[in-house]
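Hi everyone, thanks for coming along. I'd like to walk you through one protein model today, a few residues at a time. Please have the structure open and follow along with me.

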Amino acid sequence: MIYMVEMGFPHPEREAEWHAWYLAHIRVLLTVPGFRASQRFEAAHATPSPYLALHEVASAALFDSPAYRARGGPDSTGEWRALQTNWHRNLPDGIEETPEVPADLHLLLLRDARDAVLPEGIAVSWLHGVGLDHSIGECGLAVVGDPTPLIPLAERDERIRLYRPISEKIRAAQ
């Protein structure tokens with residue numbers, strides 16, 4: 001199952017500090033039983049929520065666990081919560097592991113856009129929203145090489161989003 005967090009952060013003067021905090025926050029989340037891996041991304045085009053975090057989680061039940069309530073969720077973000085905009089938390093289900101996106105590739109996110117016409121050769125994994133904000137009914141994920149043909153599509157259709165990784169995939173200690 002995937003825990004997907006999208007957000008904006010319109011405070012360029014604090015962006016470096018926020019990124020450092022977010023990386024430390026991920027390391028805390030990965031100590032919660034059931035959090036298995038996380039990777040962060042930034043949009044390659046203008047979008048209301050230009051930052052994306054994909055977390056690989058064991059099940060929706062972990063969000064009710066005492067460990068998660070103590071270390072995760074909106075209350076764990078402190079002062080940063082008020083500075084983040086267009087914040088959406090969703091639980092799409094349909095794949096067990098988040099895709100690993102190396103620095104030289106991009107992540108394609110299709111938000112309720114199964115009808116999108118994409119260039120040939122893109123293998124999309126489809127997931128259904130099953131929890132938290134329910135701001136997506138269905139999403140598609142694909143790892144793509146050259147983003148050039150997708151950027152005009154993303155600029156014309158807000159349901160199509162293209163992200164570049166801003167962190168490696170970080171795995172929980174075994």
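Let's begin with Phe 63, which sits in the loop between E3 and H2. Before we go further, please keep in mind that this is a predicted model.

So, is Phe 63 buried or exposed? Its relative accessible area is 7%, and anything under 20% counts as buried, so Phe 63 is buried. Which residues does Phe 63 touch, if we skip those up to four places away in sequence? They are Tyr 3, Val 57, Tyr 68, Arg 69, Arg 89, Leu 91 and Leu 132. For a sense of distance, take Leu 30: it is 33 residues from Phe 63 along the chain, and their C-alpha atoms are separated by 13 Å.

One name on that contact list deserves a visit of its own, and that is Tyr 3. Leaving aside neighbours within four places in sequence, Tyr 3 is in contact with Phe 35, Ala 53, Leu 54, His 55, Val 57, Phe 63, Tyr 68, Arg 89, Asn 90, Leu 91 and Leu 132.

That brings us to the nonpolar cores. Here is a handy rule: in soluble globular proteins, nonpolar side chains tend to be buried together. In our model, the largest nonpolar core has 26 residues, and Tyr 3, Trp 18, Tyr 22, Phe 35, Val 57 and Tyr 68 are the ones that touch the most other members. Several elements each supply at least two residues of this core: E1, H1, strand E3 (51–57), helix H2 (66–71), helix H3 (80–83) and E4. Which of them gives the most? It is H1, with 5 residues. There is also a second, separate core of 15 residues, and its members include Leu 52, Val 101, Ile 136 and Leu 141.

Now let's look for empty space. How many cavities of 30 Å³ or more does the structure hold? The count is 1, and the volume of this largest cavity is about 110 Å³. It is lined by 15 residues, and the closest to its centre are Tyr 3, Val 5, Tyr 22, His 25 and Trp 87. You have met Tyr 3 and Tyr 22 already, in the largest nonpolar core. Strand E1 (2–8), helix H1 (15–29) and strand E4 (85–93) each supply at least two residues of the lining. Here, too, H1 gives the most, with 4 residues. Sorted by class, the lining has 9 nonpolar, 5 polar and 1 charged residues.

Next stop is Asn 90, in strand E4. Asn 90 counts as buried because its relative accessibility is 0%. What does its side chain do in there? A polar atom of the Asn 90 side chain lies 3.1 Å from the backbone nitrogen of His 134. In addition, the side chains of Asn 90 and Ser 135 are joined by a polar contact of 2.7 Å. Beyond its neighbours within four places in sequence, the contacts of Asn 90 include Ile 2, Tyr 3, Met 4 and Glu 6, and also Gly 131, Leu 132, Asp 133 and Ile 136.

From there, let's move to helix H2, which is home to Ala 70 and Arg 71. Ala 70 has a relative accessible area of 62%, so it is exposed. Arg 71, at 31%, is partly exposed. Not counting neighbours within four places in sequence, Arg 71 is in contact with His 25, Val 28, Leu 29, Thr 31, Val 32, Pro 33 and Ser 76. Computed along the sequence, Ala 70 and Pro 50 are 20 residues apart, while in space their C-alpha atoms are 27 Å apart. For Arg 71 and Leu 150, the figures are 79 residues and 37 Å.

Last topic: backbone angles. Most residues other than glycine have a negative phi. Where is phi positive here? One example is Asp 112, with a positive phi of about 50°. Asp 112 lies in the loop between strand E5 (106–111) and strand E6 (125–132), and counts as partly exposed because its relative accessibility is 36%. Another is Leu 132, with a positive phi near 65°. Leu 132 lies in strand E6 and, at 31% relative accessibility, counts as partly exposed. You have seen Leu 132 before, among the residues that Phe 63 touches.

That's my tour, and thanks for listening!

Notes
Residues are numbered from 1 along each chain as its sequence is written. This is a predicted model: local features need pLDDT of at least 70, side-chain atom pairs count only at pLDDT 80 or more; totals for chains, interfaces and linings use all residues. Side-chain values use heavy atoms; hydrogens and water are left out. On a 1 Å grid over the protein atoms alone, a cavity is a set of points where a 1.4 Å probe fits but cannot get out, and a pocket is an open set with protein on both sides within 12 Å along at least five of seven lines; lining residues have an atom within 4 Å of a point. Grid points are joined across faces, edges and corners, and a volume is the space filled by probe spheres set on the points. Ala, Val, Leu, Ile, Met, Phe, Trp, Tyr, Cys and Pro count as nonpolar, Asp, Glu, Lys and Arg as charged, and the others, Gly among them, as polar. Buried means under 20% relative accessible area, exposed over 50%, partly exposed in between (1.4 Å probe, protein chains only). A polar contact is a pair of N or O atoms within 3.5 Å; within protein, one must be able to donate a hydrogen and the other to accept it, and residues adjacent in sequence count only if both atoms are side-chain atoms. Contact means heavy atoms within 4.5 Å. A nonpolar core is a set of buried Ala, Val, Leu, Ile, Met, Phe, Trp, Tyr and Cys residues joined through side-chain atoms within 4.5 Å.
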